[in-house]
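Hi,

Here is the structure I said I would pass on. Have a look at it first, and my notes follow below.

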Amino acid sequence: MLNIVDRAKEDRVLPIFRLGFRPFFLFASLYAILCIPVWLWLRSHGQPDLLVVPAIWWHVHELLFGFAMAIVMGFVLTAVQNWTGIRGTHSWALAGLFSLWLLPRLLFWTPTPLIIILIIESLFILSCAIAVAKRVIKMKRWKNLFFVPLLLLALVVNALSYISINGQPILGLQLPFTSSALWQSMIWWFALLLSIMGARVIPFFTATKLGIDKPRSFFWLESAANIPFIVLFILSFIPSLNALWSPPLFVFAATFQFIRLYRWQGLKTLHEPLLWSLHLGYAFIPLSLLVLGLNLFPGFWHVSLHLIAIGSIAGVILAMITRVTMGHTGRNIYQGPNMTWAFLAIAGAALVRTFAVLLWPQWMNELLWLAGGLWCFAFAIFTLKFGPMLVQPRVDDHPG
């Protein structure tokens, strides 16, 4: 339990800046609602003069480094307080971190040089990594230190993504691979993060709520499920080897991901949306791996990646931010607003964006708007129902 000595000082901090999950969950969700309609408009109307980066680059970068990375930062800046017992980043320090995230989102639509935007984004990721590292190292919570090298790796990939923009080298540098390779690597970065954290929390939450035994963790199974993502990350930068080795790796990883997911007993959670949503979102990882490994849609590899990008990354994000918001605002986790339709909508968006688009390409534009509408609907429900909780003090009067 944290000991806040000066309660009056704590009360002077705006509620939204009392802990990391608050600003990042709220504004990342709002940004998610904004990004997809803007992208669909750009797709139909072409590159606008205001946008200083290619529209397709902006679309992928902002969903990975704008939306999803903000959620990750909100999560780790909050979780590190639980891991270490040291007060998480808050007040002006948190407001500063939030500003470092928000500024690039705005500056992309101004004539600001890319090197300036890159520096700001790099400072954001680096500052969050340092905030986590300081607390974890001080309290010697070594099992959670893996977040730090992961965040630093993301920082490097983000920097390379700027350099990869055609015709706009930074510091005279150009890369031997494309932005697409970098985006693929980040998909596997997020998949690895979800795989590691999913194994920690999903079976634990399930067993605790259902009153059953948590399945035993096996090193060989965890390794077989996680190591392929590390290899896929590396192969993303080597096209010739990627084409050769990725398909069997996909099938291999899918097999052990399915085995692990089955052992988490998700079928017993169908009565509780905050549980089945985690299992459902996670299930899109092995499903997407299987689709890719079996090459079910030859020539449309990038389209199939939306299964994991929307279904799993966004799906698990939506389930987790709902749960974390309830818990860290002092509420009973399982007595909050019903999010069933939001969870189903994000899963539907993944299925429409992938399978429907591939099966009925003649309706692509309409199906993309349908998928986008489902996405926006899901995050709009979260924002409407949980946004007020994020800007108000905890109901139990505790700090954070």
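Which residues in H7 meet which residues in H9? Keep in mind that this is a predicted model. On the H7 side they are Gln184, Trp188, Ser195 and Ala199, and their partners in H9 are Asn242, Phe250, Gln257 and Arg260. Sorted by class, this contact has three nonpolar, four polar and one charged residues.

As for how the two helices sit, H7 covers residues 179-210 and H9 covers residues 239-263. Their axes are 13 Å apart and make an angle of about 20 degrees. Angles under 35 degrees count as roughly parallel, so that is what H7 and H9 are to each other. Their crossing is left-handed.

Now to the pockets. The largest one holds about 1200 Å³ of space. It is lined by 47 residues, and the closest to its centre are Ile56, His59, Val60, His302 and His306. H11 (301-328) gives the largest share of that lining, with nine residues. Among the other helices that supply at least two residues each are H2 (21-45), H3 (55-84) and H7. By class, the lining comes to 33 nonpolar, twelve polar and two charged residues.

The second largest pocket has a volume of about 440 Å³. Of its 18 lining residues, Phe75, Asn82, Trp83, Val201 and Phe205 are the closest to the centre. H3, H7 and H11 are the elements that give two or more residues here. This lining divides into ten nonpolar, five polar and three charged residues.

Cheers

Terms used:
Residues numbered from 1 in each chain as written. Predicted model: local features only at pLDDT ≥ 70, side-chain atom pairs only at ≥ 80, totals over all residues. Heavy atoms only, no water. Axes fitted to C-alpha atoms, helices over the stretch in contact; angles between N-to-C directions. Helix = DSSP H or I, 4+ residues; strand = E, 2+ residues; numbered from the N terminus. Parallel < 35°, antiparallel > 145°, perpendicular 65-115°, else oblique. Left-handed = near helix turned anticlockwise from the far one by under 90°. Contact = heavy atoms within 4.5 Å. Nonpolar A, V, L, I, M, F, W, Y, C, P; charged D, E, K, R; others polar. 1 Å grid on protein atoms, 1.4 Å probe; cavity = no way out; pocket = protein on both sides within 12 Å on 5 of 7 lines; lining within 4 Å. Points joined across faces, edges and corners; volume = space filled by probe spheres on them.
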